[in-house]
Amino acid sequence: LPLACLLLASRAVAGEPWIAPGNVQTRLDVQLLVDDGVINLPMSGWPIAASDLANALTKVPASSGSNQLAPAHAAAIARLRTLATEGRPTLGYELRAAARPSVLRTFDDEPREEGEVTGWTSGFIGQRWGARVELTAVADPDDDDTVRLDGSYFAGKFGNWIVTAGAQDRWWGSGWQGSLILGNSARPVPALALDRAVSDPFESKWLRWIGPWRLSTFMGYMEGDREDFDHPLLFGMRVSARPLEGLEISVDRTAQWCGEGRSCTWDDFWNLWSGNDNAGENVDPEDEPGNQLAGWDIRWASPIGDWNYALYNQHTGETIDNSIPRPYRSFDVAGLETWGGDALDGSSWRASLEWANTRCGGTENGQKLWDCAYNNGIFNVEGYRSKGRPLGHSMDGDGEMYGLRYMRVDGSARTLTALLRYTMVNEGGAVPDTRHTVAPGPEDWWSVDVTYRWPISSGWIEATAGGDYQDREWNDTDAVLPRFAVSWRHEFQ
């Protein structure tokens, strides 16, 4: 039988193994519960294992007497339990249309093309195996892929580990408007992955201080028809931990290596893994194994009186200084968040100010290095990009972004998101820049977007209105470009 039929026929169907990035409401709910100390699990790396979320929710004490949950917490828990327990819809479809889909993508799962039709089925087969089959047809795609299996995967659980094969979106970082190392700007790279299923602390008294921890690693197979090397492999590894209440620390690295016409041996991978990949420094240029990024992500949340706040920083380098070690030729995301809830209707809100910079710095007397981020001497055309989009931040290299974001979800799950951004795109370097995926030269953008989601029976309707003012300094022109999108999602009960 086809996999979809097995999923629908299985009486053991629960939800699905993974909670994908892209749903702002889900992230708001999880972040609220983690920040307020209701649950404790690492959450700066997505997707999140449904088993990890379910485990955290089972530890929430029953709401009664003096242990009464706040209305916003109770509403968030009720919504999240539908993602991690039996009864979650396992079959659905979504219709999406957009006029000028946004190039500067955020954590939100926004339309990539002007028209998209998606159908999916998901669930478990028995107690160990789970899967999601997602098929999307799109109109007039830039990459010529009119039919896509993005979001599909097959997973098996072995002890406290999940092995997954498929095309999963990944978002690594605390930012809302972009991730420097892995975001959703590019379509997902098919990969074989290994992840911890439940992030409980070590049982050993010597290691228990690390707190809840996650490990995620994968090896992906990138696209062909590249102008540098076809089908390179993409390696990624991330470790996150919460050693103190309110503190989450993550370290991560990714690397492109192999590819048709290049050496692809265990020795190459060892050199990559051990950091012997800085041409002319610790490896001969002809033996350089690939293109590597590495960095850290730190988020600290702690109230000051009645004021809730969180600070976060993602620091990523184009290479590693093995003498310390540390990432260098680096760039950053930094943000400040505050949040609250309504004691009457169960609503919660979150506001954030975020800055991002993709101009490499930290070398050559501290000066910024142009044409550095997401570019490489080996993969010297597409670089750290897939199917025409960067694997990291959506503004690509040599950019700087300031964003102010407000989000609110009420007790009925109606969700509002408002975002104002100022972005300096492709500030320096060669003009025209043929590798840059947003603009061939310097441009200043003002962008505004307002999104509202209305829950309906078995799904939702979501609409976005916004636009960009683009001052194109490289050719002395400007433009005001409106943007609209609407989606209808239906899930069969």
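**Disulfides and strand β4 in a predicted model**

C360 and C372 form a disulfide, with their sulfur atoms 2.2 Å apart. The model is predicted, and the chat below starts from that pair.

Me: Which parts does the pair C360 and C372 tie together, and how far apart in sequence are they?
Reply: Start with C360, which sits in strand β18 (residues 348-361). C372 is in the loop between β18 and β19 (385-386). So the pair ties together parts that are 12 residues apart in sequence.

Me: Is the disulfide of C360 and C372 right-handed or left-handed?
Reply: Look at the torsion about the S-S bond. For C360 and C372 that comes to about -80 degrees, so the disulfide is left-handed.

Me: Is C372 buried or exposed?
Reply: The cut-off helps here: buried means under 20% relative accessible area. Its partner C360 has a relative accessible area of 0% and is buried. For C372 the value is 12%, so this one also counts as buried.

Me: How many disulfides does a search of the whole structure find, and what pattern do they follow?
Reply: The search of the whole structure turns up 2 disulfides. Besides C360 with C372, there's one joining C258 to C264, S to S 1.8 Å. Count the bonded cysteines along the chain and the pattern is 1-2, 3-4.

Me: What is the handedness of the disulfide between C258 and C264?
Reply: Same check on the torsion about the S-S bond. For C258 and C264 it's about 75 degrees, so the disulfide is right-handed.

Me: Is C264 buried, partly exposed or exposed?
Reply: C258 counts as buried, at 3% relative accessibility. C264 has a relative accessible area of 45%. Partly exposed lies between the 20% and 50% cut-offs, so C264 is partly exposed.

Me: Over to strand β4 (residues 91-99): which side chains point to the buried face?
Reply: The side chains alternate along β4. L91, Y93, L95, A97 and A99 point to one face and are not buried. Pointing to the other face, and buried, are G92, E94, R96 and A98.

Me: Which residue in β5 stands opposite E94?
Reply: Strand β5 (residues 115-125) runs antiparallel to β4, and 7 bridges join them. E94 is one of the buried side chains of β4. Opposite E94 in β5 stands T118.

Me: And what is the bridge partner of L91 in β25?
Reply: β25 (residues 477-492) is joined to β4 by 9 bridges, again antiparallel. L91 belongs to the β4 face that is not buried. In β25, the bridge partner of L91 is F492.

Notes. Residues numbered from 1 in each chain as written. Predicted model: local features only at pLDDT ≥ 70, side-chain atom pairs only at ≥ 80, totals over all residues. Heavy atoms only, no water. Buried < 20%, exposed > 50% of the residue type's maximum accessible area, 1.4 Å probe, protein only. Helix = DSSP H or I, 4+ residues; strand = E, 2+ residues; numbered from the N terminus. Pairing = 2+ DSSP bridges. Disulfide = S-S within 2.5 Å.
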